[in-house]
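Visitor: Could you walk me through this structure? I would like to hear the reasoning behind each label.

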Amino acid sequence: MNAERPAVEAVACPSATIVIVGAGQAGGWAAQTLRKEGFTGRVVLIGDEAHPPHERPPLSKAVLSGQALPESTQLMKPEAFTALALDWMPGAQVSRIDRAGKKVMLTDGTAVAYDKLILCTGGRARRISLPGADEVGLYTLRTIEDALALAPAFSPGRSVVVVGGGWIGLEVAATARLRGAEVVVVEAQARLCERTVPAEISEHLLALHHAQGTRIMLGASVSGFAKGADGRSVVHLADGSALPCDAIVLGIGLVPNDELAREAGLACDGGVLVDARCHTSDPDILAAGDVAVITNAWAGRRMRLESWQNAQEQGMAAARSALGLAVDYQPLPWFWSDQYGMNLQIYGVPMPTHRVVRRGDPASGSFVLFYLADDVVQAAIGPNAARDLRFARRLIEQRKPVDAERLADPNTPMSKL
Ligand SMILES: Cc1cc2nc3c(=O)[nH]c(=O)nc-3n(C[C@H](O)[C@H](O)[C@H](O)COP(=O)(O)OP(=O)(O)OC[C@H]3O[C@@H](n4cnc5c(N)ncnc54)[C@H](O)[C@@H]3O)c2cc1C
């Protein structure tokens, strides 16, 4: 199988073609890495967006608030991008993978042959199908165009309903509020970010948003939308109440763009299944980024990692693997979110079975929760605690037992642990 081929074979083969589908963050890193590893063959980067590879985190923060231009999100300076000598196909969409013929088909009928194919197709914002959804304008946030369309909706005196109290919803809410809009967040679950953080962090997020004057409605389900007589939109809730507003933003999760893989018969389960070499069930096809599902050693289960870190590192890993280099991608998940100047970071995957050790006073706005199994730190999460969390990462990766009392004591420097 190709992964066992010596690295030089693929790298030294200038006639080989590696096709990357999806020119987002993972695709951009895959392309860069192929060149960095010395691949001199043809690299085709196909992306259905008009933009060169870029990062999305600023789209809900600095770009949405108008503090940064969309161009600032680009992964590489234009000269560096040009220097990669890619066959870059912007605004081009792949409609089918022909595995037998080893080529991808574009919607305009073009066929592009590959020796190795890397799928970095990411995901799209989930939409909602409820009564009235087509009557009102429902914003979502995934692309530069989405951010530019949404930004004008946030201004003093305007009211915004954000459906979904997850990361995108909360960041959008924070940006809208900072721009002076009245904001209501409607969340169906009993707490914020329930899927990804423990209750104490949900409480912290709730308090943060309340303090900024945002109304958060927990356990509240949207039943439909309507256009009001005054031309404004209305969000109807299952309890019969109604929220009139000027703009509605959906932050209800991501749908992986795995249709190409599924239709080509690749193994998928809520995304494209890959192993630690980023291989799909076809040894000539790899996948990385938001679309890829991998068994994560830290979580002990299959998961998609929707994060900046994973898009970069798995994109790089997939490129190396495509070249036949030895790859064993076992990421410690890392995610961050910025809201109202608060920086929250999560390393690892906190689980209900873990013992929780708190360091620092939540009232101070800066603390860390450590998640331990048998005195070994498995995960850590905390607001405004970047320095401690950097050390926490080392503790997690080293898998060495720690003294929980010293861990909890802010007077014991993390470096001593
Ligand atoms: C608003 C926002 C804020 C975020 N903030 C944070 C944060 O603070 N911290 C954090 O860790 N993570 C954050 N993330 C997550 C992070 O940005 C993503 O995990 C990352 O962008 C995933 O990269 P990707 O390359 O896998 O997918 P994408 O960047 O989505 O790239 C996939 C690309 O493939 C294209 N494509 C799909 N199908 C086809 C096809 N058939 N043919 C051609 N092209 C195709 C898509 O159009 C897209 O351009 C944020 C995401 C968003 C949207």
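Guide: Happy to. A polar contact here is a pair of N or O atoms within 3.5 Å. Please keep in mind that the model is predicted.

Visitor: What makes the pair between Arg56 and the ligand a polar contact?

Guide: An N or O atom in the side chain of Arg56 is 2.8 Å from an oxygen atom of the ligand. The cut-off is 3.5 Å, so this pair counts as a polar contact. The side chain of Lys61 passes the test too, with an N or O atom 2.6 Å from a ligand oxygen. From Trp336 the partner is a backbone N or O atom, 3.0 Å from a nitrogen atom of the ligand.

Visitor: How much of the ligand does the protein bury?

Guide: The protein buries 95% of the 990 Å² that the ligand exposes when taken alone.

Visitor: Which residues come nearest to the ligand, and how many are around it?

Guide: There are 33 residues around the ligand, and Asp48, Glu49, Lys61, Arg142 and Asp290 come nearest. By class, the shell holds 14 nonpolar, 11 polar and eight charged residues. Elements that each supply at least two of the shell residues include α2 (25-36), β2 (42-47) and β22 (334-339).

Visitor: Why do you say that the ligand lies between domain 1 and domain 2?

Guide: Both domain 1 (2-124 + 255-322) and domain 2 (127-250) give residues to the shell, so the ligand lies between them. The division also has a domain 3 (350-416), and the C-alpha centres of domain 1 and domain 3 are 34 Å apart.

Visitor: What does UniProt say about residues 334-416?

Guide: The unreviewed UniProt entry annotates them as "domain: Reductase C-terminal". In the model, that span is 22% helix and 37% strand, with its end C-alpha atoms 23 Å apart. The UniProt feature "domain: FAD/NAD(P)-binding", also from an unreviewed entry, is placed at residues 17-315. There the chain is 21% helix and 29% strand.

Visitor: Why is the pair of Asp246 and Arg232 called a salt bridge?

Guide: Their side chains meet at 3.1 Å, N to O. The limit is 4 Å between a side-chain nitrogen of Lys or Arg and a carboxyl oxygen of Asp or Glu, so the pair qualifies. By this rule the count comes to 20 salt bridges.

Visitor: What does the pair of Asp246 and Arg232 tie together?

Guide: Asp246 lies in the loop between β15 (242-245) and β16 (247-250), and Arg232 in the loop between β13 (222-227) and β14 (233-237), so the pair ties together parts 14 residues apart in sequence.

Definitions and conventions
Residues are numbered from 1 along each chain as its sequence is written. This is a predicted model: local features need pLDDT of at least 70, side-chain atom pairs count only at pLDDT 80 or more; totals for chains, interfaces and linings use all residues. Side-chain values use heavy atoms; hydrogens and water are left out. A residue is near a molecule or strand if one of its heavy atoms lies within 4 Å of it. A polar contact is a pair of N or O atoms within 3.5 Å; within protein, one must be able to donate a hydrogen and the other to accept it, and residues adjacent in sequence count only if both atoms are side-chain atoms. Accessible areas come from the Shrake-Rupley method with a 1.4 Å probe; for residues, only the protein chains shown count as cover. Helices (H or I, at least four residues) and strands (E, at least two) are DSSP runs, numbered from the N terminus. Ala, Val, Leu, Ile, Met, Phe, Trp, Tyr, Cys and Pro count as nonpolar, Asp, Glu, Lys and Arg as charged, and the others, Gly among them, as polar. Domain bounds come from an automatic or database domain assignment. UniProt positions are given in the numbering used here, feature names are shortened, and annotations may be inferred rather than shown by experiment.
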